[in-house]
Amino acid sequence: MADSTQKFAFGVDIGGTNTKYGLVNHRGEITHKGDLPTNKYEQVSDFVEALYNALKPAIDDVGFDNIKGIGVGAPNGNYYTGTIDYAPNLHWRDIVPLAQLVTDKFNLPCWLTNDANAAAVGEMMYGAARGMKDFIMITLGTGVGSGIVANGHLIYGHDGFAGELGHTVIRPGGRPHWSTDLDGSLEAYASATGIVLTAKELLEKSPKESSMRQYSGEELNSKIVYECAMAGDELAQEAYRFTGQILGEALANFIMFSSPQAIILFGGVIKAGDLLLKPTREHMERNLLPIFQNKVQLLFSELAEADAAILGASALVWEN
């Protein structure tokens, strides 16, 4: 049994394919973790039952009384209502009262938010934003997510859905998004998916030699673009430069909205390092009013990518 004075929180990250979970202490150390397939459960009640069975050994190990609660990050998770609302990549349609279902099953309080907001809370508690009251977290993965913290609080908006910076239109009339029907949104350019689309456009328009040409359109993915760029391929590097330009222009707009201390970038796309960071910073500063220039740090997340979602979700418990 754990020391009776020690408290723990569960962090649960629900993805379209898999759900990751972990038991986290106050220092951000994950003592138990695992995963289960989200898409195996057609009914949300069956998923909650499977989650309970997965978490029960950890509960038994540290003692029920030492667990403060459960934090959940999920697509379209609404902090105010504790519901998942019309998530397109989950089996469970319409509005799912997940926090209430979890509370009823575990007899523990449960807090829910969307995955990007959970990452921002985790960064504030355990990562690069420790001690900051004003910052913006941008997650660059398959899509582009974001969490906005102002005056020490996440901005949720009147309905719980604020902070969808990835869907702001940065190129009016630009590239069509594959699922939202918006043209020219940030996600259509700055996500891993967007980088692949940029690489394909460059290959089509440019006569330059490129190691990316050995792959068919179906084969070319963000990992290949990244590997080619790191090996010195000029067109692959240009894909990152252009991505950085678009991202930097968008970040300038976000800075002039909330004047953050820092913008923290997270996700698989940032593995490109300076190939992405340099053009992002250049175009961010270029598009700022003088009163905002050279004031905002552009940082990479300090959370391990594999654990960030669990830590972020668990941090919701300590916040409440």
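These are my notebook entries on a handful of helices and strands in this structure.

**Entry 1: the model**

I noted before anything else that this is a predicted model. I kept that in mind for each look-up below.

**Entry 2: the five-stranded sheet**

I started with an open sheet of 5 strands. Its order is 3-2-1-4-8, and its pairing is mixed. Which strands stand at the edges? I found strand 3 (30-37) and strand 8 (110-113) there. Each has a single partner strand, so one side of each is left without a neighbour in the sheet. From one strand to the next, the twist averages 15 degrees.

Next I looked at strand 4, residues 67-73. Strand 4 runs parallel to strand 1, and 6 bridges join the two. I picked out one pair: Ala9 has Gly69 in strand 4 as its bridge partner. Strand 4 also runs parallel to strand 8, joined by 4 bridges. Here I looked up two positions. Ile70 stands opposite Cys110 in strand 8. Gly73 has Thr113 as its bridge partner.

Is strand 4 covered or open? I found it mostly covered, with 6 of its 7 residues buried.

**Entry 3: helix 9 on the sheet**

I then turned to helix 9, residues 305-319. How far apart are its end C-alpha atoms? They are 21 Å apart. At 1.5 Å a residue, its 15 residues should span 21 Å, which agrees.

I checked where helix 9 lies. It lies across strand 1 (8-14), strand 2 (18-25), strand 3, strand 4 and strand 8. It runs at about 125 degrees to strand 1.

How many residues of helix 9 are buried? I read 11 of the 15, so the helix is largely enclosed by the rest of the structure. Among the buried ones are Asp307, Ala308, Ile310 and Trp318. The stretch Leu311, Gly312, Ala313, Ser314, Ala315, Leu316 and Val317 is buried as well.

**Entry 4: helix 3 against helix 9**

Two packed helices are described by the angle between their axes and the distance between the axes. I looked up both values for helix 3 (residues 115-126) and helix 9. Their axes come within 7 Å and cross at roughly 70 degrees. Angles of 65 to 115 degrees count as roughly perpendicular. Helix 3 and helix 9 are therefore roughly perpendicular to each other.

Which residues make the contact? From helix 3 I listed Ala118, Val121, Gly122, Met124, Met125 and Tyr126. From helix 9 I listed Leu311, Gly312, Ala313, Ser314, Ala315, Leu316, Trp318 and Glu319. By class, the contact has 10 nonpolar, 3 polar and 1 charged residues.

**Entry 5: strand 10 and its hairpins**

I moved to strand 10, residues 144-150. Is this strand enclosed or open? Of its 7 residues, 7 are buried, so strand 10 is largely enclosed by the rest of the structure. In a regular strand the side chains alternate between the two faces of the sheet. I sorted the residues by direction. Val144, Ser146, Ile148 and Ala150 point one way. Gly145, Gly147 and Val149 point the other way, and all are buried.

I followed the strand to its partners. Strand 9 (residues 135-140) pairs with strand 10 in the antiparallel sense over 6 bridges. Ile136 has Ile148 in strand 10 as its bridge partner. A hairpin through 3 residues joins the two strands.

Strand 11 (residues 153-154) also pairs with strand 10 in the antiparallel sense, over 2 bridges. Ala150 stands opposite His153 in strand 11. This hairpin has 2 residues between its strands. In the turn, Asn151 has a positive phi of about 55 degrees.

**Entry 6: helix 8**

I checked helix 8, residues 274-286. It has 13 residues and reaches 17 Å from its first C-alpha to its last. That is close to the 18 Å expected at 1.5 Å a residue. Its buried residues are Leu276, Leu277, Pro279, Thr280, His283, Met284 and Glu285. What do they pack against? I found strand 9, helix 7 (234-258), strand 12 (262-266) and strand 13 (297-300).

**Entry 7: Val96**

Last, I looked up one residue. Val96 lies in strand 7, residues 95-96. Is Val96 buried or exposed? At 5% relative accessibility, it counts as buried. Val96 touches Val44, Gly82, Thr83 and Ile84, not counting residues up to four places away in sequence. I also took one distance. The C-alpha atoms of Val96 and Thr113 are separated by 13 Å, and the two residues are 17 residues apart along the chain.

Conventions: Residues numbered from 1 in each chain as written. Predicted model: local features only at pLDDT ≥ 70, side-chain atom pairs only at ≥ 80, totals over all residues. Heavy atoms only, no water. Expected span 1.5 Å × (residues − 1). Buried < 20%, exposed > 50% of the residue type's maximum accessible area, 1.4 Å probe, protein only. Axes fitted to C-alpha atoms, helices over the stretch in contact; angles between N-to-C directions. Parallel < 35°, antiparallel > 145°, perpendicular 65-115°, else oblique. Contact = heavy atoms within 4.5 Å. Nonpolar A, V, L, I, M, F, W, Y, C, P; charged D, E, K, R; others polar. Pairing = 2+ DSSP bridges.
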